[in-house]
Amino acid sequence: MSKLLLHCCCGPCAMYPVYDLIQNFYSENDMSLFWYNPNIHPEFEWNRRQENLKKVAEHYGLELLILEGFMQSYWESKEYLKPSGNYDSRCDLCYDIRIDNTCRYAAEHGFDIVSTTLLVSPYQQHDKIKDLFEIKAQEYGLKFDYHDWREHFREGQKMARDIDLYRQKYCGCIFSLDESEFKEKIIKSFS
């Protein structure tokens with residue numbers, strides 16, 4: 001029997017994709033949610049988003065698997081700028097780290113299908129995510145289950161509000177926080 005490992009970037013972005021996958025493609029026993037997001041900073045934000053994903057897992061009655069990782073000092077040191085790969089941007093590296101680790105974890109833990117909730121966001125680089133997941137899934141002997149959920153983004157956000165999830169105001173990395181018009185409010189909300 002096939003089993004899906006669904007990488008989740010956060011609780012609100014998971015709401016619609018999980019609903020769709022359970023309604024139309026998988027049973028609760030055939031899929032698990034996966035948290036691996038070392039790109040999210042600062043640590044209070046990383047913890048808050050992980051806690052909200054736990055609420056989603058409970059809401060849908062799904063297993064949540066967590067691969068620890070918190071890399072704020074790595075990003076702040078700008079280590080990612082060193083010539084160690086073919087990355088056009090920090091976003092490319094961020095996608096690669098999460099997608100590679102998702103596929104590796106899936107292959108090592110008996111999953112044969114992978115996907116991601118990143119595909120619901122109109123703010124993400126959809127085609128890059130899709131292409132990279134297809135490449136990495138093949139490398140690890142997995143199938144990538146592609147869905148374009150972007151037209152349901154607002155519906156998913158409403159579903160998140162309905163169960164009182166925290167809805168963040170930036171993508172997650174320390175750089176996007178610095179660029180966010182909500183930076184002071186975000187920091188103050190956790191003080």
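Analyst: We start with a cut-off. Buried means under 20% relative accessible area, exposed means over 50%, and partly exposed lies in between. Keep in mind that this is a predicted model.

User: Is D164 buried or exposed?

Analyst: D164 has a relative accessible area of 62%, and the cut-off is 50%, so D164 counts as exposed. The residue sits in the loop between α6 and α7 (174–179).

User: What is the phi of D164?

Analyst: The phi of D164 is positive, about 65°, although the residue is not a glycine. Compare the end of α5. That helix is followed by G141, which has a positive phi near 70°.

User: Next, cysteines. How many disulfides does the structure hold?

Analyst: The general idea comes first. A disulfide is a covalent bond between the sulfur atoms of two cysteines. In this structure there are zero disulfides.

User: Why is there no bond at C9 or at C10?

Analyst: Look at the sulfur distances. For a disulfide, the two sulfurs must lie within 2.5 Å. The closest cysteine sulfur to that of C9 is in C10, 4.0 Å away, which is too far for a bond. For C10 the closest one is in C13, at 3.6 Å, also too far for a bond. C9 counts as buried at 10% relative accessibility. C10 counts as buried at 2%.

User: How many salt bridges does the structure hold?

Analyst: Side chains of opposite charge can pair when their charged atoms come close. The structure holds seven salt bridges. Begin with E51 and K54, whose side chains meet at 3.1 Å, N to O. Both residues lie in helix α2 (residues 43–60), three residues apart, about one turn of the helix. E51 is partly exposed at 40% relative accessibility. K54 is partly exposed as well, at 29%.

User: Where do D162 and K158 lie?

Analyst: Both are in helix α6 (residues 153–162). They are four residues apart, about one turn of the helix. Their side chains form a salt bridge of 3.0 Å, N to O. K158 is partly exposed, with a relative accessible area of 45%. D162 counts as exposed, at 53% relative accessibility.

User: Which residues are joined into one network by salt bridges that share partners?

Analyst: D96, D100, R104 and K136 are joined into one network. Take one pair from it. The side chains of K136 and D100 meet at 3.3 Å, N to O. This pair links distant parts of the chain, 36 residues apart: K136 is in helix α5 (residues 126–139) and D100 is in helix α4 (residues 90–108). K136 is buried, with a relative accessible area of 11%. D100 counts as buried too, at 12% relative accessibility.

User: K136 brings us to α5. Which residues of α5 are buried?

Analyst: The buried residues of α5 are H126, I129, L132, F133, K136 and A137. Look down the axis of α5: these buried residues fall within an arc of 135°, so they line one face of the helix. The face turned away from the buried side carries the exposed residues D127, Q138 and E139.

User: How many residues does α5 have, and what span does the helix reach?

Analyst: α5 has 14 residues. From its first C-alpha to its last, α5 reaches 20 Å, close to the 20 Å expected at 1.5 Å a residue.

User: Now the sheet. What is the order of the strands?

Analyst: The general idea is about faces. In a regular strand the side chains alternate between the two faces of the sheet. The sheet here is open, with five strands in the order β3-β2-β1-β4-β5 and parallel pairing. β3 (63–66) and β5 (143–144) are the edge strands, and each pairs on one side only.

User: How many bridges join β2 to β3?

Analyst: Four bridges join strand β2 (residues 31–35) to β3, and the two run parallel. Within this pairing, S32 stands opposite E63 in β3. At the other edge, strand β4 (residues 113–116) pairs with β5 over two bridges, also in the parallel sense. There V114 has F144 in β5 as its bridge partner.

User: What do β2, α2 and β3 make?

Analyst: They make a right-handed β-α-β unit. The helix of that unit, α2, also holds the E51 and K54 pair.

Key. Residues are numbered from 1 along each chain as its sequence is written. This is a predicted model: local features need pLDDT of at least 70, side-chain atom pairs count only at pLDDT 80 or more; totals for chains, interfaces and linings use all residues. Side-chain values use heavy atoms; hydrogens and water are left out. Buried means under 20% relative accessible area, exposed over 50%, partly exposed in between (1.4 Å probe, protein chains only). A salt bridge is a side-chain nitrogen of Lys or Arg within 4 Å of a carboxyl oxygen of Asp or Glu. The expected span of a helix is 1.5 Å times one less than its number of residues. The arc is that of the directions from the helix axis to the C-beta atoms. Two strands pair if DSSP finds at least two bridges between them. A crossover is right-handed if, with the strands pointing away from the viewer, the path from the first strand over the helix to the second runs clockwise.
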